[in-house]
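This briefing introduces a structure to a reader who has not met it before. The sequence and the coordinates are shown first, and the notes that follow are grouped by topic.

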Amino acid sequence: MTDSSLQSEIKEILSQGPIAGFVGGEDLPSSSGETFPVIDPGSGEKLADVHNLQASDVERAVDVAAEAFKNAEWANLPVNERCVYLHRLADEVENRKPLLSQLESMDCGKILGQAEEDVQNFIDTMRYFADLAQNMQLRTVLAVKGHEAAYTRHPWGVCGSIVPWNFPFLLCGWGIAPALAAGNTVVVKPAEDSPITTLYLARMVKELGFPDGVVNVVPGLGEVTGAALSANPKLSRMSFTGSPEVGRLVAAECGRNLVPVKLELGGKGAAVVFDDIDVPETAQKLVDAITFHTGQVCCDATRWLVQKPVYDEFVNEVSERMQKVAIGYPSDEGSAMGPVVSEKQKGRVLGYLEKGVGEGAEVVLEGGSAEVEGRPGGYYVKPALLSGSLDNVAAREEIFGPVAYIAPFEDEADGLTKANDTAYGLANSVWSSDLGRCQRVAESFVAGNGWINSHNVVVHGVPYGGVKQSGMGGGVGSLETLLDYYRGISVVRPL
């Protein structure tokens, strides 16, 4: 596909009028007729209008998914035949990777190369769970004295998935791949800031011959569409990725109906940097981490704890490198960091900088608004670095932007104490040439993930999840994830 034909197809997709939801293999406009605009964060210009589905529309989607689970034979297909569909979907996404990457880049303000990686992750996720499901032993004979016993797994039914705006296509894959591989049907609610690639995916599923109602997408505002999906009693399972504040609301609604819910929430990750590291190399890796997708990454390292002997050198090194980060439109050549996703998110980042300084934080690197030539309406911010007391609001609360907070520590025990002194528990990293020390510290983190001499290391086959305010209900991306999408039954006969 040439660049001109790619741009032409994208223009056609975005100019067809308000984009409807997709339920039961058909477009589903909002019953109220309401729409909302989707904005390109890099320019501030409107990409498209999308239908704001109402509670009655969501109820219809869940009913359609339930009927598809019951009557469309999806759950009863031999697993190898069901997984053929998933492999076909992965193959077709791969065929359309340039198109989907460009749409994703425009939709959420992600650097184009990073959007390409996200689309590849979706492809890999589909193939991973399709292959894993085909090797699952769904019936296990149990050796129990005096009884004939077995434990058998079955798909649950309708699985809801609420996807955030920072990794919309990647996280859609994380939600639907294990659910579909296990034989469930799905209803996906994409974030209102970045729903376009998920809505495009729904049409792809139809083209590839998936039974109608197996994959359904309900766009809309969180307080309307998301709330209706969370509260639907006909769901069998729910998966939510987003903030702890909204996660609590989703969990409360699911709890009223006793619907099992998996929550993957925010973080305030620590990087514990010991004095035996290569300072320039480690500084660059942490700068890369905090500026990746403009810091809008829940598992990012935003608290940099540096051992005293190298603290001053490290502060100078990271501040110099942060100033050199090239801020630009996501698809422009040479751009290393794009915008935040919305005007609201830009205000949040700048507001935290102001509050942090107001509480006494020292400004190492000021940050603030950034201007990009030719893109006056974009939501651009500069990387920022604060230091001082770890009781500061900017060191305690999740900002979700390119803002790091740096502080010194004395020894291993002190570094570990400071790393674990947070309400969050998603991901921390330890940096040292002493691998024995790295292993001790990583295993002592009160977090779902402990990384060594790297950060943001999410790999298929390794459970990824959080503790405390960072989540509950198991991890994603692994065998444990697939098992969550089966219900179990014990069958016993006395001998």
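The largest nonpolar core holds 77 residues, and Leu 14, Leu 89, Val 93 and Leu 482 touch the most other members of it. The largest contribution to this core comes from helix α6 (residues 168-181), with 10 residues. The model described here is a predicted one.

**Nonpolar cores**

- In soluble globular proteins, nonpolar side chains tend to be buried together.
- Leu 14 is in contact with Leu 47, Ala 48, Leu 103, Met 106 and Ile 196, when its neighbours within four places in sequence are set aside.
- Another core, of 30 residues, lies apart from the largest one, and its members include Phe 274, Leu 305, Leu 353 and Val 393.

**The seven-stranded sheet**

- Strands of a sheet pair through backbone hydrogen bonds, either parallel or antiparallel.
- Seven strands form an open sheet with mixed pairing, in the order β14-β17-β18-β13-β12-β19-β20.
- Strands β14 (362-365) and β20 (449-452) stand at the edges of this sheet; each has a single partner strand, so one side of each has no neighbour in the sheet.
- On average, neighbouring strands of the seven-stranded sheet are turned by 25 degrees against each other, direction ignored.
- Within this sheet, strand β12 (residues 269-273) pairs with strand β19 (residues 427-431) in the parallel sense, over three bridges.
- Val 273 stands opposite Trp 431, a residue of β19.
- Helix α11 (residues 308-323) packs on the sheet and touches β12, β13 (301-307), β14, β17 (384-387) and β18 (403-409). The direction of helix α11 makes about 140 degrees with that of β13.
- Helix α14 (residues 412-420) also packs on the sheet, where it touches β12, β13, β18 and β19. The direction of helix α14 makes about 165 degrees with that of β13.

**The three-stranded sheet**

- Three strands form an open sheet with antiparallel pairing, in the order β5-β6-β22.
- The edges are taken by β5 (139-144) and β22 (486-494), each with a single partner strand, so one side of each is left without a neighbour in the sheet.
- From one strand to the next, the twist of the three-stranded sheet averages 20 degrees.
- Strand β5 and strand β6 (residues 147-155) run antiparallel and are joined by six bridges.
- Val 141 stands opposite Ala 150, which belongs to β6.

**A hairpin**

- Strand β3 (residues 35-39) pairs with strand β4 (residues 46-51) in the antiparallel sense, over five bridges.
- Ile 39 has Lys 46, in β4, as its bridge partner.
- The hairpin formed by β3 and β4 has six residues between the two strands, and Gly 44 in the turn has a positive phi of about 80 degrees.

**Salt bridges**

- Side chains of opposite charge can pair when their charged atoms come close.
- The whole structure contains 20 salt bridges.
- One of them joins the side chains of Lys 234 and Asp 63, at 2.7 Å from N to O. Lys 234 lies in the loop between α8 (222-230) and β10 (237-241), and Asp 63 lies in helix α2 (residues 55-71), so this pair ties together parts that are 171 residues apart in sequence.
- Lys 234 is partly exposed, with a relative accessible area of 44%, and Asp 63 is also partly exposed, at 30% relative accessibility.
- The side chains of Lys 206 and Asp 212 meet in a salt bridge of 3.0 Å, N to O. Lys 206 is partly exposed, with a relative accessible area of 39%, and Asp 212 counts as partly exposed at 40%.
- A further salt bridge, of 3.6 Å from N to O, links the side chains of Asp 421 and Arg 396. Asp 421 lies in the loop between α14 and β19, whereas Arg 396 lies in helix α13 (residues 393-396), so the pair ties together parts that are 25 residues apart in sequence.
- Asp 421 is partly exposed, with a relative accessible area of 43%, and Arg 396 counts as partly exposed at 28%.
- Asp 91, Glu 94 and Arg 127 are joined into one network by salt bridges that share partners.

How values were computed. Residues numbered from 1 in each chain as written. Predicted model: local features only at pLDDT ≥ 70, side-chain atom pairs only at ≥ 80, totals over all residues. Heavy atoms only, no water. Pairing = 2+ DSSP bridges. Helix = DSSP H or I, 4+ residues; strand = E, 2+ residues; numbered from the N terminus. Axes fitted to C-alpha atoms, helices over the stretch in contact; angles between N-to-C directions. Contact = heavy atoms within 4.5 Å. Core = buried A, V, L, I, M, F, W, Y, C linked by side-chain atoms within 4.5 Å. Buried < 20%, exposed > 50% of the residue type's maximum accessible area, 1.4 Å probe, protein only. Salt bridge = Lys/Arg side-chain N within 4 Å of Asp/Glu carboxyl O.
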